[in-house]
Amino acid sequence: MSRKKKPLPVLENITITDIAAEGKSLARVNDMVVFVPFTVPGDVVDLQVRKKKHSYCEAEVIRFIEYSKMRTAPACRHFGICGGCKWQNLPYEEQLKAKQKQVHDQLCRIGKVELPEFRPILGSVKTFEYRNKLEFGCSNRRWMTKEEIQTMPKEGEDGANIERNAIGFHITGAFDKILPIEQCHLMDDMHNRIRNEIRDYAIGAGMTFFDLRAQKGLLRDIIIRNSNTGEWMVIIQFHYDEEGDDERARALLQHVADTFPQITSLMYVDNQKCNDTIGDQDIITFRGNDYIYETMEDLKFKVGPKSFYQTNTEQAYHLYSVAREFAGLTGNELVYDLYTGTGTIANFVARRARRVIGIEYVPEAIEDAKINSGINNIGNTLFYAGDMKDILNDDFIAEHGRPDVIITDPPRAGMHADVVQTILRAAPRRIVYVSCNPATQARDLADLDADYKVAAVQPVDMFPLTPHVENVVLLERRKDKDM
């Protein structure tokens with residue numbers, strides 16, 4: 001016989017005391033740390049423990065006894081379920097304090113290197129409608145609340161055939177469920193109108209929505225992008241299952257084109273893979289161009305359906321301005337821009353450098369980077385596609401020259417150990433490290449510490465209402481290493 005599991009406890013009259021990682025808050029009960037989502041310091045609550053470990057547990061609120069004076073009213077009707085904007089109930093100034101503390105704690109605790117006084121975090125110009133890209137899943141398995149499930153009519157009863165098709169965001173912990181989104185505040189309201197019109201047309205036309213488990217269903221995914229030039233891009237993913245699906249898809253596309261003449265780039269793809277990524281897919285232009293433009297200072301950047309561009313356009317300018325400032329360019333430097341993406345940073349700093357060499361894994365992004373140099377009449381850039389640890393080696397440096405400055409903006413996993421060692425052998429005078437994950441940045445700073453000291457730290461908030469934070473660090477080569 002298997003042992004019966006003990007029921008997890010209810011914790012009563014608990015005061016939330018601090019902000020924790022991943023957008024949660026925390027309380028302390030005796031020697032146990034309790035992590036709780038969707039609360040703020042000062043809330044007094046009853047909690048149901050959902051997961052218990054030796055030194056901590058995770059719980060959810062079952063009753064609010066007293067609301068914190070710090071708490072602010074969330075703007076979004078989906079707050080508390082969606083999970084995307086975990087800090088909508090936290091005033092923006094408190095969000096910034098928590099992000100500043102997060103960067104400081106991770107660089108100190110993980111990096112264990114000597115640090116200067118941090119600059120105050122740069123808050124975002126906008127806290128709502130700041131994103132230029134959102135992606136929505138389409139599913140025949142709408143996520144339902146406990147109340148909906150309990151009151152749902154049984155088969156054969158009136159209303160039993162409840163509409164389960166939905167367009168929205170994936171629910172954390174339920175990979176095949178989609179939370180239907182009526183209004184999202186993270187992007188210009190036009191995107192809500194586009195998404196809801198697609199939903200209404202598809203349901204009215206009897207179009208099938210994707211079933212992630214069965215891997216079938218015509219309407220699969222929607223990507224919406226806009227730009228500071230006023231352009232809109234919409235990419236609709238389909239999954240053709242049967243004869244006539246192409247005609248049905250094109251009828252939807254025509255409806256969208258007719259309804260929204262503001263869309264300057266309307267594209268689609270028949271994605272037969274098990275996942276929604278489109279980097280390896282052939283994307284077809286239905287109407288307009290296969291790109292939109294973003295501008296930054298006097299530069300113009302072409303953004304295609306597969307292009308990476310910072311999702312907070314206005315704040316990206318401030319992020320890149322910090323990177324350029326830290327680089328300390330005079331016009332004579334050879335700069336290596338690692339993980340260059342579509343060459344945004346490379347082109348942004350090129351006019352203050354002798355030459356900039358960008359390296360990126362995605363070939364399409366490198367083609368965009370070259371195009372962006374051409375559009376802006378920048379002639380002192382070179383771009384190479386390939387795995388960073390394979391491209392950036394001693395032979396590459398011998399061929400192209402020892403860099404005076406390295407700017408690196410790696411993915412969340414940070415830099416590969418081989419890349420760190422190559423940087424140490426290249427021995428640039430300065431390294432500007434842009435990171436979306438201060439924890440892996442701290443790890444890499446520890447590996448660079450023998451030869452480089454941290455000279456400046458600038459946190460930048462690119463993602464208001466979330467716990468995510470960018471951080472820019474300037475490293476200067478230790479004087480005794482140049483002797």
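Which strands does helix 3 (residues 190–204) lie across? In this predicted model, helix 3 lies across strand 7, strand 8 (166–171), strand 10, strand 11 (232–238) and strand 12 (263–270). Helix 4 (residues 245–259) also packs on the sheet, where it touches strand 10, strand 11, strand 12 and strand 13. The directions of the two helices relative to individual strands are listed below.

| Helix | Reference strand | Angle |
|---|---|---|
| Helix 3 (residues 190–204) | Strand 10 | about 160° |
| Helix 4 (residues 245–259) | Strand 12 | about 165° |

**The sheet**

The sheet is open and consists of seven strands in the order 9-8-7-10-11-12-13, with mixed pairing. Its edges are formed by strand 9 (174–180) and strand 13 (284–288); each has a single partner strand, so one side of each is left without a neighbour in the sheet. From one strand to the next, the twist averages 30°.

Strand 7 (residues 133–139) and strand 10 (residues 219–226) run antiparallel and are joined by five bridges. Within this pairing, Leu134 has Ile224 of strand 10 as its bridge partner.

**The surroundings of Met415**

Met415 is placed in the loop between strand 19 (405–408) and helix 10 (417–426). Because its relative accessibility is 4%, under the 20% cut-off, Met415 counts as buried. Leaving aside residues up to four places away in sequence, Met415 touches Tyr339, Thr408, Pro410, Val420, Ile423, Tyr433, Arg443, Asp444 and Leu448. Met233 lies 182 residues from Met415 in sequence, and the C-alpha to C-alpha separation of the two residues is 32 Å.

Definitions and conventions:
Residues numbered from 1 in each chain as written. Predicted model: local features only at pLDDT ≥ 70, side-chain atom pairs only at ≥ 80, totals over all residues. Heavy atoms only, no water. Helix = DSSP H or I, 4+ residues; strand = E, 2+ residues; numbered from the N terminus. Buried < 20%, exposed > 50% of the residue type's maximum accessible area, 1.4 Å probe, protein only. Contact = heavy atoms within 4.5 Å. Pairing = 2+ DSSP bridges. Axes fitted to C-alpha atoms, helices over the stretch in contact; angles between N-to-C directions.
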